[in-house]
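Grab a pencil and work through a few short exercises. Try each task yourself before you read the solution under it.

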Amino acid sequence: MVKNYFYIILLFAFLTTTAGLAQESKSPLKSQDNTIEGLSFYPNPVTNGKVYISSKLNADKQIAIFDVLGKKVLQTLLTSKELNVGSLSPGVYIIKIEEGDATATRKLIVR
């Protein structure tokens, strides 16, 4: 009987040790290394129909705007700092900004 308890304790110790090792080796789902450096995005909430987007690199940016249901409502290539969102109805949107290999996603409120 003592021998069975010993094997149970040994098995328990082995399982908890390997489970702990597996948890330590997990990598994050999304890397934070590819965010846009120096991203500036204003005004938010938008009241005049224009959003100004700039970054440290100041390269061309691919812009996609989604409504709360995930439907793409606007997509454009931004070559300047000014983005016209006057065609959007008032509401809450998600804006995805891509510059080179870097990507940023923000909440956009249009009033």
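**Exercise 1: Inside or outside?**

Val 68 has a relative accessibility of 66%, so it counts as exposed. Keep in mind that this is a predicted model.

Task: find out where Val 68 sits and which patch it belongs to.

Solution. Start with the place: Val 68 is in the loop between β3 and β4. Next, look at its company: together with Leu 69 and Val 92, Val 68 makes up a nonpolar surface patch. The accessible area of the three together is about 340 Å².

**Exercise 2: A residue in β2**

Task: decide whether Ser 54 is buried or exposed, and list what Ser 54 touches beyond its neighbours within four places in sequence.

Solution. First, locate Ser 54: it is in strand β2, which covers residues 50-54. Then check its relative accessibility, which is 14%. Buried means under 20%, so Ser 54 counts as buried. Last, the contacts: Ser 54 meets Gly 38, Leu 39, Ser 40, Lys 61 and Lys 81.

**Exercise 3: Put the sheet together**

Task: work out the order of the strands in the open sheet.

Solution. Begin at the edges, where each strand pairs on one side only: these are β4 (72-78) and β7 (102-110). Fill in the rest and you get β4-β3-β6-β7, with antiparallel pairing. From one strand to the next, the twist averages 20°. Now zoom in on β3 (residues 61-67), which is joined to β4 by six bridges. Across that pairing, Ile 63 has Thr 76 as its bridge partner in β4.

**Exercise 4: Follow the charges**

Task: how many salt bridges does a search of the whole structure find? Describe three of them.

Solution. The search turns up four.

- Step one: Lys 56 pairs with Glu 37, with 3.1 Å between the closest N and O atoms. Lys 56 is in the loop between β2 and β3, and Glu 37 is in the loop between α1 (2-24) and β1 (40-42), so this pair ties together parts 19 residues apart in sequence. Lys 56 is exposed at 62%, and Glu 37 is exposed too, at 53%.
- Step two: Glu 82 pairs with Lys 50, the closest N and O atoms being 3.5 Å apart. Here strand β5 (residues 82-84), home of Glu 82, is linked to β2, home of Lys 50, and the two residues are 32 apart. Glu 82 is partly exposed at 37%, as is Lys 50 at 32%.
- Step three: Lys 96 and Glu 98 meet at 3.3 Å, N to O. Lys 96 is partly exposed at 31%, and Glu 98 is partly exposed at 30%.

Definitions and conventions. Residues numbered from 1 in each chain as written. Predicted model: local features only at pLDDT ≥ 70, side-chain atom pairs only at ≥ 80, totals over all residues. Heavy atoms only, no water. Pairing = 2+ DSSP bridges. Helix = DSSP H or I, 4+ residues; strand = E, 2+ residues; numbered from the N terminus. Axes fitted to C-alpha atoms, helices over the stretch in contact; angles between N-to-C directions. Patch = residues over 30% accessible without salt bridge, like charges linked within 9 Å, V, L, I, M, F, W, Y side chains within 5 Å. Areas by Shrake-Rupley, 256 points an atom, 1.4 Å probe, with all protein chains shown as cover. Salt bridge = Lys/Arg side-chain N within 4 Å of Asp/Glu carboxyl O. Buried < 20%, exposed > 50% of the residue type's maximum accessible area, 1.4 Å probe, protein only. Contact = heavy atoms within 4.5 Å.
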